[in-house]
Amino acid sequence: MVMKYGADMDEAELADFKKTYRAQVQEADRYLQSRKEFAEAGIRSYEDFLNIDRNNEKQGALHSKVMIEEKVDTFWELQERKRLIGFHDRKGAVLDAYKNHMDAKQQAHLEQSIKAGYYQVYSEVVMANFKDFIIPVAIAIMISIVLVVSPVFIKDRAGKMLELQYAAKKGRELYKTKAAAGLISAFVVITALLTVYFGFYARNHTSMFFEVPVHAMIGEFSWYDPTFLQYIALTVIAIYLLGFVFTLLAMAFSSIMPNYVSLIGIQIPFVFGMMMYGLSYLLTNIISLWMPQWVVPTSYSVMAVVAVIFIMLMWKREKKRDILMS
């Protein structure tokens with residue numbers, strides 16, 4: 001479809017798509033009629049194949065043979081073509097149903113998209129697959145960052161090293177070096193893990209969809225109009241931003257918590273809250289029309305400001321800290 005129709009389909013291309021479907025139905029009919037075992041089981045056409053009796057053991061076995069054992073491409077393609085055609089035939093009703101759950105601004109944006117000729121052409125499977133992939137990746141990265149960065153400050157305090165550090169001029173400024181080291185470590189961890197995980201993702205072979213706009217995938221309504229590749233890049237940028245926010249918070253907590261148990265305990269609500277609620281809004285639905293347009297930029301701004309405030313308070317505290325307080 002991507003090679004034949006490009007990113008969007010007009011009415012003529014949709015008609016050609018349906019024509020191809022009918023031609024493949026005839027191909028499937030010939031395939032079934034050429035196989036004696038299908039005729040004996042009462043399956044003489046693709047329509048019969050679609051309406052087999054699931055309780056009929058012989059018919060069920062033949063269906064599995066075609067779809068699972070032999071994996072005949074024609075039948076897999078027909079299955080998806082039929083679903084896509086069904087969606088297009090009822091798309092008007094589907095869009096009206098969506099509008100009933102939108103506010104005025106969202107409805108206006110959807111109407112504007114429809115007038116611009118945006119057709120939802122492609123299956124939502126590719127986007128759903130990426131979303132299912134990127135959420136666990138983000139969770140793994142956040143947990144890794146917390147584990148790597150958290151000991152930056154508390155380690156020296158637990159080892160009674162602050163007395164020696166604060167006795168020297170360089171030691172008084174060492175917290176800046178530690179903060180820089182924490183941010184660099186976070187960058188290295190994020191980059192390394194993204195490289196590994198996207199290496200696995202590349203095996204899904206979705207590169208042919210990279211130039212397809214997000215709006216062309218079923219169910220994807222967004223405030224903006226990026227391609228699939230640009231959407232992937234946007235989620236990667238979001239992961240880096242979230243990673244740096246958690247890095248700053250982890251270092252700030254590391255500078256004030258008395259021991260490792262309390263350090264881990266104070267971070268659990270932040271990590272758990274982000275895993276359970278935050279990532280779906282701030283990562284996979286980062287441009288979704290279903291959320292008010294201001295939510296994502298405001299959320300990232302607030303998190304960044306809070307993290308910077310925490311680290312600035314930490315720096316101020318370190319400057320005033322007396323050697324006897326450590």
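Okay, let's start with a hole: the second largest pocket here holds about 270 Å³ of space. Before I go on, this is a predicted model, so to speak: local features need pLDDT of at least 70, side-chain atom pairs count only at pLDDT 80 or more, and totals for chains, interfaces and linings use all residues. Residues are numbered from 1 along each chain as its sequence is written, and side-chain values use heavy atoms, with hydrogens and water left out.

Quick word on the terms. On a 1 Å grid over the protein atoms alone, a pocket is an open set of points with protein on both sides within 12 Å along at least five of seven lines, a cavity is a set where a 1.4 Å probe fits but cannot get out, and lining residues have an atom within 4 Å of a point. Grid points are joined across faces, edges and corners, and volume is the space filled by probe spheres set on the points. Helices are DSSP runs of H or I, at least four residues, numbered from the N terminus.

Back to that pocket. It has 19 lining residues, and Leu110, Ser113, Ile114, Tyr118 and His215 lie nearest its centre. α7 (91-99) and α8 (104-115) each supply at least two residues of the lining, with the largest share, five residues, coming from α8. By class we get 10 nonpolar, six polar and three charged; nonpolar is Ala, Val, Leu, Ile, Met, Phe, Trp, Tyr, Cys and Pro, charged is Asp, Glu, Lys and Arg, and the others, Gly among them, are polar.

Now the largest pocket, at about 470 Å³. Its lining has 14 residues, with Met1, Glu80, Leu84, Tyr122 and Phe209 nearest the centre. Which helix gives the most? That's α6, with four residues. α1 (2-5), α6 (73-89) and α9 (125-149) each put in at least two. The split is 10 nonpolar, one polar and three charged.

Let's follow α9 over to α15 (residues 260-284). Their axes come within 10 Å and cross at roughly 150 degrees; axes are lines fitted to C-alpha atoms, for helices over the stretch in contact, and angles run from 0 to 180 degrees between N-to-C directions. So α9 and α15 are roughly antiparallel, the word for angles over 145 degrees. The crossing is right-handed, meaning that the near helix is turned clockwise from the far one by less than a right angle. In contact, that is with heavy atoms within 4.5 Å, we have among others Ile135, Ala138 and Met142 from α9, and Val271, Met274 and Met275 from α15. That contact has 12 nonpolar, three polar and one charged residues.

α15 has another partner, α14 (228-256). Those two pack at about 165 degrees, axes 12 Å apart, which makes α14 roughly antiparallel to α15. The crossing of α14 and α15 is right-handed. Leu242, Phe246 and Phe253 are among the α14 residues in this contact, and Ile266, Phe270 and Leu282 among those from α15. The classes there are 15 nonpolar, four polar and no charged.

Last stop, cavities. How many of 30 Å³ or more are there? Two. The second largest has about 40 Å³ of space, and Val146, Phe246, Leu249, Ala250, Phe253, Gln267, Phe270 and Val271 line it. α14 gives the most to that lining, four residues. By class the lining is seven nonpolar, one polar and no charged.

Terms used:
Angles under 35 degrees count as roughly parallel, over 145 as roughly antiparallel, 65 to 115 as roughly perpendicular and the rest as oblique.
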